[in-house]
Amino acid sequence: MKIQNSIALWCVLLGFSAQSQNSIPIVSINPNEVISNEFIGSGIEFSAYPHADTEDSEWGKLMTDEKWQLVFDRVSFIKPKIARVMDQANWRYLKGFDTNGKPIIDFESDQMKALYKLLDYCEKNKIIVILGEWGQPYKVHDTHLNLQNSFTGANDPKWIDLIVKNLNHLLKVKKYSCIKFYNLVNEPNGDWATTDGDFQQWKEGIELLHKTIKKEGLDKYISIIGPDATSFNNPKSKYEGLDWARQTALQIPDLVAAYDVHDYPSKESIRSGEFQKTFSELVRFTDSVHKKPFILGELGLKGEPSSKKHLGDKFTSVDSQLSVYDYDYGVDMADALIQSINSGFDAVIAWDLDDAMHTKDDKGDKYQLKRWGMFNSLGKELTGDKTDEDLRPWFYTWSIMTRYLTSDMKIVKIDNLNLEKVRSVTGVTKNGDITIAIANNSDAEANFTIDTKKLKLKSGLNKYLYSENKRPVDEKGFPVPLEKNSLKNNAIQVAIPAKSVILYTSYQP
């Protein structure tokens, strides 16, 4: 009887053990199921500090060589594959008008030299640049000069000619090969845009810009990107927010080399996964009409900060996201980036790099900073707080995912990852290197196994961990691997804490 009872108990234990092992999901990566073959990578909004780059700036020349080097060191760790460099003619090369009403142009101004410093860096580091203007010169910025009516809109030949003169100088004289795309107006569907949602005006501007670029022989150097629309619905506009992208594909696909849109989703839409559903549908539509690269040109998140520490800061404008100081923003932005790539976007650009780049309405009021950055390089100078120059938590996740998901990778599908609020993205190179990023936005630890049999990995993987209690960094605050994972039985055993991010990679930048 005792023997029978022992056998029965042993069988129960074996059954329980098997059941426990079987309850751990097995996730497979299939390199033949490709999401993107045209993957560019992620990047940053990168501006040439219009309020602090010259002696004549509102704040004076606060961007010293030392400050520029601080920024470049941090960007060099991120290794962005793409940067959006938006500017204004009247901030750089347009110095007003002569007595005959002709534009006064100065390509050797101190302001242009500051822009060259940024573009020199992008050129040296092979960063693709989207260059553009926020909108019609003088209409929003520098309104005190009373030159708002110097141009009649985005379709004014005088403005288009000015843009092309600048492009000719940058591309042919300065020989910047990094500048690949031109963006005519920022968020042209918005009621804040100089086009105020007038699709026809914007479309005519694109048609004229395309024609003039071709006439000047610049089409072999640069292409137009558009519509740069936001998901905001302007009642004055003929089309709702993201319909601008659909209409661009339907009406002028031959005039743009890539599509782009912006979005500032709620944290809830990221955590629920609704964000990916929305943009998967949009990318599928444009692909079905006229396939070309699709870029998410600005990405940031709406929502209240989890910490009230910085609320009431006298230097913060209403156009800010104080969650950038919070740990969980790093998880949410990683999750948003994963969903963006899996929805089919070929590049994703974070808004933004540095608080010191922009103010509300870009009027240069230091008490109206746009706090969206990974740091504030002028923390001491602008706010008296040197610690505001420190790297913020979300630098960690954005930098490792940008650094290790690269343009020589194809993005492939992951099958059977059905755990609630756990999402992943995988990139694979021709040489067999791999990066796997995983975000767990749930309130519980997640455990699963990644089957890597089809990947033909040559070596172990560096493992990065971003968790509330552990996220290793070096002396500069840059992420370092937690450990080196050896592959056993062609599998990775994943145990990812709640509200955290793990990245595995064999890629060496």
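How many disulfides does the count come to? The count comes to 0 disulfides, and the views below start with two cysteines before moving on to a strand and two pockets. Keep in mind that this is a predicted model.

**View 1. Cys-122 and Cys-178, two cysteines without a bond.** A disulfide is a covalent bond between the sulfur atoms of two cysteines. Here, Cys-122 takes part in no disulfide. Its nearest cysteine sulfur belongs to Cys-178 and sits 5.6 Å away. Looking from the other side of the pair, the closest cysteine sulfur to that of Cys-178 is the one in Cys-122, and 5.6 Å is too far for a bond, because a disulfide needs the sulfur atoms within 2.5 Å. As for their surroundings, Cys-122 counts as buried, since its relative accessibility is 0%. Cys-178 is buried too, with a relative accessible area of 6%.

**View 2. Strand S3, tucked inside.** Strand S3 covers residues 82-87, and 6 of its 6 residues are buried, so the strand is largely enclosed by the rest of the structure. In a regular strand the side chains alternate between the two faces of the sheet. Take a look at how that plays out here: Ile-82, Arg-84 and Met-86 point one way from S3, while Ala-83, Val-85 and Asp-87 point the other way.

**View 3. The partners of S3.** Strand S2 (residues 41-45) runs parallel to S3, and 3 bridges join the two. In one of these pairings, Gly-43 has Ile-82 of S3 as its bridge partner. Add helix H2 (residues 65-78), and S2, H2 and S3 together make a right-handed β-α-β unit. S3 also runs parallel to strand S6 (residues 128-133), this time with 6 bridges between them. Asp-87 is paired with Glu-133 in S6.

**View 4. The largest pocket.** Rolling a probe the size of a water molecule over the atoms shows where empty space is left. The largest pocket has a volume of about 770 Å³. Of its 27 lining residues, Asn-186, Glu-187, Trp-192, Asp-319 and Lys-370 are the closest to its centre. The lining splits into 9 nonpolar, 9 polar and 9 charged residues.

**View 5. The second largest pocket.** This pocket holds about 480 Å³ of space. It is lined by 19 residues, and those closest to its centre are Gln-276, Asn-342, Ile-414, Leu-417 and Arg-423. Helices H9 (274-290) and H10 (327-342) and strands S12 (409-415) and S13 (422-429) each supply at least two residues of the lining. By class, that lining has 6 nonpolar, 8 polar and 5 charged residues.

Definitions and conventions: Residues are numbered from 1 along each chain as its sequence is written. This is a predicted model: local features need pLDDT of at least 70, side-chain atom pairs count only at pLDDT 80 or more; totals for chains, interfaces and linings use all residues. Side-chain values use heavy atoms; hydrogens and water are left out. Buried means under 20% relative accessible area, exposed over 50%, partly exposed in between (1.4 Å probe, protein chains only). Helices (H or I, at least four residues) and strands (E, at least two) are DSSP runs, numbered from the N terminus. Two strands pair if DSSP finds at least two bridges between them. A crossover is right-handed if, with the strands pointing away from the viewer, the path from the first strand over the helix to the second runs clockwise. On a 1 Å grid over the protein atoms alone, a cavity is a set of points where a 1.4 Å probe fits but cannot get out, and a pocket is an open set with protein on both sides within 12 Å along at least five of seven lines; lining residues have an atom within 4 Å of a point. Grid points are joined across faces, edges and corners, and a volume is the space filled by probe spheres set on the points. Ala, Val, Leu, Ile, Met, Phe, Trp, Tyr, Cys and Pro count as nonpolar, Asp, Glu, Lys and Arg as charged, and the others, Gly among them, as polar.
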